[in-house]
Amino acid sequence: MFSLLGLLIAFTFSGALFALDARRQLVVEEVNAIGTAFLRLDLIDDPTERQLLQKLLKEYVNSRIRLWAKMSHRSAALAEVTVACALQREIWSVAITATERPELESERLLVLPALNETFDLATARTIAVQTHPPTLIYGALFGLASIAAFLVGFSMAKSIRIHRLHVVAFACVTAFMFYMILDIDRPRIGLVRLDTVHSLFSELEQSMVDRIERRD
């Protein structure tokens with residue numbers, strides 16, 4: 001029973017770490033994709049359309065930053081996702097209009113795929129954030145821990161002297177492992193955070209502002 005409990009804890013912990021690393025990688029990929037799309041907007045000749053797209057993409061980055069700040073509040077986060085989706089549609093519409101002329105085919109083939117990759121990665125991040133181990137796994141962990149504790153307690157009841165240190169150690173270690181799994185699986189509300197890697201969005205926004213000011 002203890003072997004099965006340890007195996008299940010190990011696999012669940014490993015899965016949580018893998019998911020955390022995948023979320024971190026998606027943040028880096030999204031920042032890189034937005035940066036690439038922003039640079040390719042320079043290919044648009046019309047200054048009005050170029051400036052509008054740059055402004056909209058910068059506001060989109062602001063929306064992604066606000067979304068991370070609101071992640072611990074589901075209703076606020078969903079509202080911000082709606083705002084980001086509206087900006088995606090507006091950016092795409094303006095980009096289509098800005099590159100629809102036949103002579104701008106080469107620009108269209110560079111700008112539109114970059115924007116499409118940006119929006120695809122946003123969707124991938126949304127799915128990654130909402131993906132957690134099944135409730136059945138947590139139920140199995142709790143059930144196995146309870147059964148193991150019962151078996152240990154039943155065995156210790158036959159002893160003349162109860163080793164309280166062993167009892168407390170088992171309870172503390174098991175509870176701590178459960179907490180670590182939950183904390184890693186939800187990196188926005190616990191001790192394990194992705195705030196450092198997510199600060200790349202703030203750096204990207206600042207680089208956008210600097211580039212727009214130099215261009216003007």
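In this predicted model, Tyr60 and Phe119 are both buried. Tyr60 is also listed among the residues with the most contacts inside the largest nonpolar core, a set of 34 residues in which Ile34, Leu53, Leu57, Ile91 and Leu115 are named alongside it. At least two residues of this core are supplied by each of H1, H2, helix H3 (74-98), H4 and helix H7 (195-215), and the largest share, amounting to seven residues, comes from H1. In soluble globular proteins, nonpolar side chains tend to be buried together.

Aromatic contacts were examined next, and the count comes to two aromatic pairs. One of them joins Phe2 and Phe170, whose ring centres lie 5.5 Å apart with the planes at 70°, so that the arrangement is classed as edge-to-face, the class for planes over 60 degrees apart. This pair links distant parts of the chain, since Phe2 belongs to helix H1 (residues 2-40) and Phe170 to helix H6 (residues 164-185), with the two positions 168 residues apart in numbering. Phe2 has a relative accessible area of 42% and is therefore partly exposed. In the pair formed by Tyr60 and Phe119, the ring centres are 5.9 Å apart and the planes stand at 75°, so this pair too is edge-to-face. Distant parts of the chain are again linked, with Tyr60 in helix H2 (residues 47-69) and Phe119 in helix H4 (residues 105-130), 59 residues apart. In contrast to the partly exposed Phe2, both members of the Tyr60 and Phe119 pair are buried.

At the surface, a nonpolar patch of about 610 Å² is made by Met1, Leu4, Ile147, Phe150, Leu151 and Phe154. Helix H5 (residues 135-156) gives the most to this patch, contributing four residues. Phe150, which is placed in helix H5, has a relative accessible area of 56% and is therefore counted as exposed, the threshold for that class being over 50%.

Cysteines were considered last. A disulfide is a covalent bond between the sulfur atoms of two cysteines, and a search of the whole structure finds zero disulfides. Cys85 counts as partly exposed because its relative accessibility is 30%, a value between the limits of 20% for buried and 50% for exposed residues. Cys172, with a relative accessible area of 47%, is likewise partly exposed.

Methods
Residues are numbered from 1 along each chain as its sequence is written. This is a predicted model: local features need pLDDT of at least 70, side-chain atom pairs count only at pLDDT 80 or more; totals for chains, interfaces and linings use all residues. Side-chain values use heavy atoms; hydrogens and water are left out. A disulfide is a pair of cysteine sulfur atoms within 2.5 Å. Buried means under 20% relative accessible area, exposed over 50%, partly exposed in between (1.4 Å probe, protein chains only). Patches are made of residues with over 30% relative accessible area and no salt bridge: like charges are joined within 9 Å, nonpolar side chains (Val, Leu, Ile, Met, Phe, Trp, Tyr) within 5 Å. Accessible areas come from the Shrake-Rupley method with a 1.4 Å probe; for residues, only the protein chains shown count as cover. A salt bridge is a side-chain nitrogen of Lys or Arg within 4 Å of a carboxyl oxygen of Asp or Glu. Rings of Phe, Tyr and Trp (its six-membered ring) pair if their centres lie within 6.5 Å; planes under 30 degrees apart count as stacked, over 60 as edge-to-face and the rest as tilted. A nonpolar core is a set of buried Ala, Val, Leu, Ile, Met, Phe, Trp, Tyr and Cys residues joined through side-chain atoms within 4.5 Å.
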